[in-house]
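Me: I should like to learn how to read the features of a protein model one at a time. May we begin with the burial of a helix and proceed from there?

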Amino acid sequence: MTYKKNQFFKVYPFVLNSGAFDHPAVKAKISKGNTFDFHGGEMETSMVMAIDESLVKLETSEKGIPKNTAMKAHLSWLASDWVTEQQKPIGIGGDPRGATKENGEIILSISAKEIVKDLILIRDFKE
């Protein structure tokens, strides 16, 4: 968690990130070979499945890869030209096909536990 005081407005914006995607317990559950997982990929799809499985249709899902290889090498999370393996435009970064409800429950649980730590620090924050 980070914060930076705004001298003019006297506000303290805090940046929260649960870090769950990098947590060892989460990484251990991701499909073998899934080295690139971003928007709509396995982890996010798993979280949606944990909340409401009926919203996910894995049988029609496709892997999204960045078309711009320079972006993939340096700023993969910013790539805007997402395509399927057949080069069809798609808004998914990663491969949702390995998603499971159980993995989503693990990710959400770890996220909650990690974010609570930072919320407590914010609650107890003193300048």
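Reply: Certainly. This is a predicted model. In helix α2, the buried residues are E42, M43, T45, S46, M47, M49 and A50.

Me: What covers the buried residues of α2?

Reply: To answer such a question, one looks for contacts, that is, heavy atoms within 4.5 Å. The cover over the buried residues of α2 includes α1, residues 24-27, and α4.

Me: Which residues does V56 touch, leaving aside those up to four places away in sequence?

Reply: V56 lies in the loop between α2 and β3, the latter being residues 65-66. Apart from residues up to four places away in sequence, V56 touches T45, V48 and M49. T45 and M49 are among the buried residues of α2.

Me: Is V56 itself buried or exposed?

Reply: The term buried is used under 20% relative accessible area. V56 has a relative accessible area of 17%, and therefore counts as buried.

Me: How far apart in space are V56 and A99?

Reply: Here one compares separation along the chain with separation in space. V56 and A99 are 43 residues apart in sequence, and their C-alpha atoms are 9.5 Å apart. L58 offers another case: the C-alpha atoms of L58 and R97 are separated by 5.8 Å, with their positions 39 residues apart along the chain.

Me: Where is L58, and which residues does it touch?

Reply: L58 is also found in the loop between α2 and β3. Not counting residues up to four places away in sequence, L58 touches T45, M49, P96, R97 and A99. L58 is partly exposed, because its relative accessibility is 24%.

Me: How are contacts between distant parts of the sequence summarised for the protein?

Reply: One takes the contacts between residues at least 6 apart in sequence and asks what share joins residues at least 24 apart; in the protein that share is 62%. The secondary structure comprises 4 helices and 4 strands, which follow the pattern β-β-α-α-β-α-β-α along the sequence.

Me: How many salt bridges are there, and which residues form them?

Reply: The criterion is a side-chain nitrogen of Lys or Arg within 4 Å of a carboxyl oxygen of Asp or Glu. By this rule there are 4 salt bridges. One of them joins D95 and R97, with an N to O distance of 2.7 Å. E114 and K117 form another, at 3.3 Å from N to O. R123 and D124 also form a salt bridge, their closest N and O atoms being 2.8 Å apart.

Me: Why are E114 and K117 separated by about one helical turn?

Reply: The spacing along the helix supplies the reason. E114 and K117 are separated by about one helical turn because they are 3 residues apart in helix α4.

Me: Are the residues of these salt bridges buried or exposed?

Reply: Each residue must be read separately. D95 is buried, with a relative accessible area of 18%, while its partner R97 is partly exposed at 43%. E114 is partly exposed at 24% relative accessibility. D124 is partly exposed at 41%, and R123 is exposed at 61%.

Me: Which residues form the surface patches?

Reply: One patch groups like charges and another groups nonpolar side chains. The negative patch is formed by D52, E53, E102 and E105. D52 belongs to helix α2, residues 42-52, and is partly exposed at 31% relative accessibility. The nonpolar patch is formed by L16, V116, L119 and I120, which together have about 310 Å² of accessible area. I120 lies in helix α4, residues 101-123, and is partly exposed with a relative accessible area of 38%.

Me: What is the accessible surface of the protein, and what share of its residues is buried?

Reply: The accessible surface comes to about 8,700 Å², and 57% of it belongs to carbon and sulfur atoms. Of the 127 residues, 30% are buried.

Me: Which residue has a positive phi although it is not a glycine?

Reply: Here the backbone angle is read together with the residue type. Q87, which is not a glycine, has a positive phi of about 70 degrees. Q87 is in the loop between β4, residues 82-83, and α4, and is partly exposed with a relative accessible area of 46%.

Notes:
Residues are numbered from 1 along each chain as its sequence is written. This is a predicted model: local features need pLDDT of at least 70, side-chain atom pairs count only at pLDDT 80 or more; totals for chains, interfaces and linings use all residues. Side-chain values use heavy atoms; hydrogens and water are left out. Patches are made of residues with over 30% relative accessible area and no salt bridge: like charges are joined within 9 Å, nonpolar side chains (Val, Leu, Ile, Met, Phe, Trp, Tyr) within 5 Å. Accessible areas come from the Shrake-Rupley method with a 1.4 Å probe; for residues, only the protein chains shown count as cover. Lys and Arg count as positive and Asp and Glu as negative; His and the chain ends are not counted. The place of a charge is taken as NZ of Lys, CZ of Arg, CG of Asp or CD of Glu. Helices (H or I, at least four residues) and strands (E, at least two) are DSSP runs, numbered from the N terminus. Buried means under 20% relative accessible area, exposed over 50%, partly exposed in between (1.4 Å probe, protein chains only).
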